[in-house]
Structure formats: structure tokens, C-alpha cells
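This report describes one protein for a reader who has not seen it before. It begins with a single residue and then turns to the whole chain.

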Amino acid sequence: KMELVGKVDDIGHNEKVYSVRFFEESGFVVTFSKVFCMNLTNPINPFMSGGMMNEPPGYTNYMQNLGEKKGDYLLTIGQDASFFESNGKGRPNALKLGIIEVNNMNDPIEIDSYIVGVSAQDGNNKGGSNNELVTSISGQQAEHGGTSSGSKAQYDPYAFRYLPNGHHLVIPVSIHDKDNPLDGFVVYHVNVEDGVIMPVGNVTHTCKITSSLWNCYSDSRLLPRSMVFEGGIDEKWEEGSTSSAYWRLLTLKGHSVQMSRKNKTKVNENGADLVGATEMEFENEWAVNLDEAGNNETD
């Protein structure tokens with residue numbers, strides 16, 4: 001039988017734990033107000049080594065290691081939120097991505113964050129922003145329920161895809177806004193060295209707002225998944241030249257399956273993107289609407 005040999009308690013008093021992740025001898029626990037770092041070197045005597053307040057308020061549902069060593073940097077996916085002092089409760093507003101540097105477990109630091117749907121001009125995003133790729137959503141709109149955003153990758157790790165060679169993150173994203181909705185996948189460039197998260201492209205799928213265009217009748221949904229296929233490199237990259245490397249992105253979401261192709265990105269000799277933070281151009285190769293299976297055409 002299993003026997004308790006050590007424990008760390010008194011974490012987030014009267015708070016809900018949203019996520020827990022272990023990387024070798026390090027552990028991380030997230031509540032609404034704080035990220036806790038645990039030293040697990042000695043299993044008989046684990047202890048809390050440090051922590052970081054969630055500023056602005058919010059929480060993380062999923063953490064992914066990004067460093068060469070386990071626990072150098074954490075890529076986090078969760079929700080930005082509003083905190084109401086009147087009742088001591090919070091309300092999620094929008095999808096939030098973050099990079100936390102945890103080289104020093106005594107003093108973790110969030111080096112960048114990106115709130116999906118909120119432009120940099122609103123002052124809520126620390127890093128760079130490509131505002132043409134996402135609709136601008138103010139924090140006030142989100143607080144009053146007019147607009148919100150989220151991702152199934154918050155709760156489903158199979159919906160999360162990180163490509164370390166090009167430092168790209170591919171996740172399903174839903175922005176609920178009556179004027180500028182988005183239901184599909186967004187590709188983000190995650191630059192740990194410069195501490196920047198920014199969207200570089202997206203693929204749109206159907207949603208309830210646009211389902212009338214696709215004659216979508218069923219409430220059944222495909223689990224959101226993405227698969228990246230390396231198409232090849234047309235020519236070897238040399239200093240000062242641009243190669244037209246490409247890769248194909250297969251996405252499944254809602255009632256549709258799509259194949260998209262990314263073109264014209266400078267790459268190195270190993271095929272890794274050199275200019276990963278520039279905007280991608282996705283061309284739709286084919287799409288299948290499962291509600292109109294007999295009427296779909298593909299090349």
C-alpha cells in the first residue's frame with residue numbers, strides 16, 4: 001500500500017486549486033490569486049520555495065515546460081479575470097497565455113502575457129500584438145458578459161500543440177462576440193528569449209453564429225485537434241536569402257475538418273523558422289463540413 005512520507009499543506013487558504021504540474025524535482029500549484037513553487041528534492045521533506053501573485057487576477061488551467069531543462073520556463077494557458085472586493089469573488093473574462101520564468105524557484109517571474117481578444121492599446125497585454133488577427137475586446141465588455149474568449153486547451157491537453165523548432169503554439173480559440181466572433185485555431189509565436197507571445201495566424205472553423213452558412217444541424221462536436229505536417233523546403237537557406245518553406249496544418253473543430261498551408265517563411269538549414277514572429281499566410285487547401293458530407297469537394 002501507499003504510505004504518506006511527506007506533504008506540503010496550507011496552499012491557497014479557502015481558494016480553489018486550478019492546476020498542478022510536476023517537472024522532475026519541481027512542482028507548481030495554481031490558485032486564483034497565486035502560483036506556488038514547490039521543491040521536491042527530498043520526498044520526505046518537500047517545501048514551498050516561493051510563489052508569484054497572479055497580476056492581473058486570474059488563473060492557469062494548463063502548464064507546459066519550455067526550457068531545455070525541466071522547469072526553466074512555463075507556458076501557461078488560463079483565464080484573465082476580474083476580482084470584486086465587495087464579495088471576494090472573481091469572474092473570468094478572457095483567455096490568457098503567459099510565460100513564467102522559474103529558474104529561480106524562490107522568485108518566479110511572469111515575463112510576458114497575452115490576453116486573447118484584447119489589443120495592446122488596452123494596456124492588458126505585456127508583449128507585442130498583431131491586432132489585425134484578433135478582434136479588439138475591452139476588459140469592460142468582458143466583465144459585463146458582452147464578450148469573452150476561451151480555449152479547450154485549458155482543459156484538454158490533446159488540444160495543445162507546441163512546435164519547439166519554430167517556437168509556435170497551436171490551440172483552438174473561441175471568441176464570443178456578436179460583431180467579430182472567432183471559432184477556430186490560432187497560431188502564436190512564443191519567444192522565451194525576448195519574452196514575447198503574439199498571434200501570427202489563424203484558421204477559422206464554424207460556430208453557432210456562422211452555422212447557418214454551413215447548414216449545421218447537430219449539437220455533436222468534434223474534439224478540437226491540430227496536426228502539423230512538414231511539407232518540405234524548396235531550397236536550402238543561405239545567409240541573406242529567403243526560402244519558401246511550408247508546412248500544412250490539419251485542424252478539426254465543431255463540425256468541420258480543414259487542411260491549411262502556410263507559405264513563405266525564412267528558415268535555417270534544419271528547417272526551423274527564423275522569422276517566426278512574422279504574420280503567417282494560411283491558404284485553405286480543402287475543408288469538409290460533416291453536416292454536408294455528400295456535397296463536399298476536395299482537390
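In which strand is the place of valine 20? In this predicted model, valine 20 sits in strand β1, which covers residues 17-23. Its relative accessible area is 42%, and because buried means under 20% and exposed over 50%, valine 20 counts as partly exposed. Val20 also helps to make a nonpolar surface patch, together with Val17 and Phe22. The area of this patch is about 270 Å².

Glycine 12 is found in the segment before β1. Is glycine 12 buried or exposed? Glycine 12 has a relative accessibility of 8%, and the limit for buried is under 20%, so glycine 12 counts as buried. Leaving aside residues up to four places away in sequence, glycine 12 touches Thr31 and Phe36. Threonine 31 is 19 residues from glycine 12 along the chain, and the C-alpha atoms of the two are separated by 6.3 Å.

The two residues are set side by side here.

| Residue | Place | Relative accessible area | Class |
|---|---|---|---|
| Glycine 12 | segment before β1 | 8% | buried |
| Valine 20 | strand β1 | 42% | partly exposed |

The whole protein comes next. It has two helices and 17 strands. Of its 299 residues, 47% are buried. The accessible surface comes to about 15,900 Å², and carbon and sulfur atoms hold 46% of that surface. Among contacts with a separation of 6 or more, 48% are between residues 24 or more positions apart.

Technical notes: Residues numbered from 1 in each chain as written. Predicted model: local features only at pLDDT ≥ 70, side-chain atom pairs only at ≥ 80, totals over all residues. Heavy atoms only, no water. Helix = DSSP H or I, 4+ residues; strand = E, 2+ residues; numbered from the N terminus. Buried < 20%, exposed > 50% of the residue type's maximum accessible area, 1.4 Å probe, protein only. Contact = heavy atoms within 4.5 Å. Areas by Shrake-Rupley, 256 points an atom, 1.4 Å probe, with all protein chains shown as cover. Patch = residues over 30% accessible without salt bridge, like charges linked within 9 Å, V, L, I, M, F, W, Y side chains within 5 Å. Salt bridge = Lys/Arg side-chain N within 4 Å of Asp/Glu carboxyl O.
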